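User: I am new to this structure and would like a close look at a single part. Please pick one helix, take me through it and its surroundings, and then point out a few spots elsewhere.

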Amino acid sequence: MTALANIDNQSLRGFLRMVESDHPDEFLRIQQEIDPKFESTAMLFELDKVGRSPVIMFEKFKGHSTPVVTNIAGNRKLLAACLGVKPAELPTAFRERCQKYIPCEVVSNAAWDEVVIEGDDIDLWKLPVPLQFTVDAAPYITAGQLTARDPVTGVDTTGFHRLMLKDKNRLGVSLHSRRRLYEFHRRAEEKGQSLPVAITIGVHPLHYMGSMVYAYPQSVRKFEIIGGLFGEPYRLARCGVADLEVPAGAEIVIEGEILAGVHEPEGPFGEFTGYASYRSTQNIFVAKRIRMRRDAIYHSVVSGMSQDHILVSCITREGEILNALKRNLPNVRAVHVPHTTCGAFMAIVSMKKIAEGEPQMAMMATFGTELYTKQVIVVDEDVDIYSMNDVMWAIATRVRAEKDVLLVPNCKSAILDPTSDPKTFTVTKMGIDATRPSGQDFAERLVISDEQRARARQLLESAGVKL
């Protein structure tokens with residue numbers, strides 16, 4: 001195996017090869033020319049409506065020669081395939097593997113070092129960046145992974161932040177998650193320095209997933225978590241800004257810095273909440289150099305409430321919450337964060353309740369684990385947490401509001417949550433205990449056995465009914 005092929009096994013291209021060879025029905029090539037304004041977004045949402053979520057390769061973006069791929073992380077089956085597990089096992093596998101930190105391997109040759117653009121030749125408008133919604137202030141780079149190093153400890157991180165095209169070498173940035181990168185920039189500003197940053201475009205979905213882990217020791221690198229997901233050292237290469245290390249198999253790397261003490265209007269942008277977001281930290285990134293593969297593929301994440309934008313958030317939050325709950329409540333079975341609740345704001349917890357008060361423990365542990373989650377529903381193990389019909393049935397038939405609803409006011413929440421206080425970004429969080437009361441008789445649920453259901457499906461299919 002050549003060095004480049006070895007790198008590509010951990011790359012976006014390696015993932016695309018796997019999908020095309022092993023899951024061809026989940027790969028869609030669009031050869032017709034596509035308008036960068038709105039068309040790619042509209043196509044993905046139309047597929048969502050009919051229950052389809054394939055990886056989409058747009059061969060021709062009007063005005064550009066670079067192909068565009070999207071929806072690489074919008075399909076549970078494909079994400080599970082990346083980890084070699086079944087879709088139902090995905091949150092648990094993710095939870096276990098992202099705790100197995102594997103040191104990285106630094107290689108001398110990077111795939112993105114074939115073309116180097118500097119100085120006045122830099123023009124970010126030449127990238128095929130879609131304009132996704134009519135409310136968006138400008139086209140946005142949505143799949144840009146920002147990598148930076150803590151000015152105090154020297155430990156790096158990587159993660160998604162929206163990037164608004166403002167000029168040939170200038171991007172508006174919102175660090176609204178208020179996590180590590182926000183803190184790194186704050187610490188650099190305290191020293192009167194801008195923060196060196198590399199923006200990586202076009203990475204493997206396991207990088208996408210691992211980058212969204214947040215509950216891990218300060219001394220651990222995100223890249224070591226991503227290596228745990230791959231089950232081998234993640235291969236990095238040094239780029240030309242502050243010796244930052246980025247994935248060697250990436251498609252495009254933009255080197256530059258987030259300026260200290262400079263703020264400019266950024267947004268609005270169609271966020272994961274399904275609303276236009278005007279809230280922003282209003283930072284500015286200035287590009288100093290672009291490196292890319294000679295035949296680069298541009299990766300774009302469809303914004304808004306698309307599964308491409310939200311599904312990984314669902315899975316990572318499921319894993320993080322499950323990990324926290326299992327520490328003190330081993331009778332917790334599973335956690336689901338529905339895509340329809342913006343992949344963030346609601347968590348459904350399945351447990352085998354042993355004693356009263358355990359659902360409330362699960363609620364409080366979830367609130368303490370996940371900043372964005374503001375509603376937790378706890379159900380018995382007989383309820384299918386992946387079926388909102390089943391969950392709503394449990395709420396309708398097992399909840400006595402005067403004792404089963406818990407309200408926690410003045411909790412820190414997501415800056416992008418439209419219900420949060422515009423000054424303090426706090427909300428009232430709510431827990432719902434939709435479990436049966438323990439230690440007493442309760443109405444018996446009507447059930448149909450798995451054997452009976454299988455027989456019924458067989459009979460219906462033999463009668464020509466497609467299920």
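Analyst: What follows is a walk around one helix and its partners, then a short tour of other places. The model is predicted.

Start with helix H4, which spans residues 76-83. Is this helix enclosed or open? Six of its eight residues are buried, so H4 is largely enclosed by the rest of the structure. The buried ones are Arg 76, Leu 78, Leu 79, Ala 80, Cys 82 and Leu 83.

Now look at the two ends. At the start of H4, Asn 75 extends a side-chain oxygen to within 2.9 Å of the backbone nitrogen of Lys 77. At the other end, Gly 84 follows the helix. The phi of Gly 84 is positive, near 70 degrees.

Next come the partners. Two packed helices are described by the angle between their axes and the distance between the axes. Take helix H2, residues 12-22, to begin with. The axes of H2 and H4 come within 11 Å, and they cross at roughly 115 degrees. That makes H2 roughly perpendicular to H4. Which residues make this contact? From H2 come Phe 15, Met 18 and Val 19. From H4 come Leu 78, Ala 81 and Cys 82. Of these H4 residues, Leu 78 and Cys 82 are among the buried ones. The crossing of H2 and H4 is right-handed.

Helix H5, residues 90-97, is another partner. The axes of H4 and H5 come within 10 Å and cross at roughly 40 degrees. The two helices are therefore oblique to each other. H4 brings Arg 76, Leu 79, Ala 80 and Leu 83 to this contact. H5 brings Leu 90, Pro 91, Ala 93, Phe 94 and Arg 97. H4 and H5 pass each other in a left-handed crossing.

H5 has buried residues of its own: Leu 90, Pro 91, Ala 93, Phe 94 and Arg 95. What covers them? The cover includes H4, together with helix H7 (205-210), helix H8 (222-230) and helix H9 (307-328).

Cysteines deserve a check too. How many disulfides does a search of the whole structure find? It finds zero. Cys 98 is in no disulfide, and the nearest cysteine sulfur, that of Cys 104, is 15 Å away. Cys 104 is in no disulfide either. For Cys 104, the nearest cysteine sulfur belongs to Cys 239, at 14 Å. Cys 98 is buried, at 8% relative accessible area.

Now turn to the backbone elsewhere. Most residues other than glycine have a negative phi, and most peptide bonds are trans. The peptide bond from Gly 267 to Pro 268 is cis, with omega near 5 degrees. Pro 268 sits in the loop between strand E14 (252-258) and strand E15 (269-270).

Another loop joins strand E12 (235-238) to strand E13 (245-247), and Ala 242 is found there. Ala 242 is not a glycine, yet its phi is positive, near 55 degrees. Its relative accessible area is 43%, so Ala 242 is partly exposed. Asp 243 is in the loop between E12 and E13 as well. Its phi is also positive, about 55 degrees, although Asp 243 is not a glycine.

Thr 142 makes a good stop. It is found in the loop between strand E6 (140-141) and strand E7 (144-149). Is Thr 142 buried or exposed? At 14% relative accessible area, Thr 142 is buried. Leaving aside neighbours within four places in sequence, it is in contact with Gln 132, Phe 160, Phe 269, Ser 300 and Val 301. With Val 301 there is a polar link: the side chain of Thr 142 reaches its backbone oxygen at 2.7 Å.

Ser 350 is a buried residue in a strand. It lies in E20, residues 346-351, and its relative accessible area is 5%. Not counting residues up to four places away in sequence, Ser 350 touches Val 332, Arg 333, Ala 334, Val 379, Asp 380, Glu 381 and Ile 385.

End at Met 361, in helix H10, residues 358-369. Met 361 counts as partly exposed, at 44% relative accessibility. Met 361 and Thr 341 are 20 residues apart in sequence. In space they are 22 Å apart, C-alpha to C-alpha.

Key. Residues numbered from 1 in each chain as written. Predicted model: local features only at pLDDT ≥ 70, side-chain atom pairs only at ≥ 80, totals over all residues. Heavy atoms only, no water. Buried < 20%, exposed > 50% of the residue type's maximum accessible area, 1.4 Å probe, protein only. Helix = DSSP H or I, 4+ residues; strand = E, 2+ residues; numbered from the N terminus. Polar contact = N/O pair within 3.5 Å; in protein donor to acceptor, adjacent residues only side chain to side chain. Disulfide = S-S within 2.5 Å. Axes fitted to C-alpha atoms, helices over the stretch in contact; angles between N-to-C directions. Parallel < 35°, antiparallel > 145°, perpendicular 65-115°, else oblique. Left-handed = near helix turned anticlockwise from the far one by under 90°. Contact = heavy atoms within 4.5 Å.
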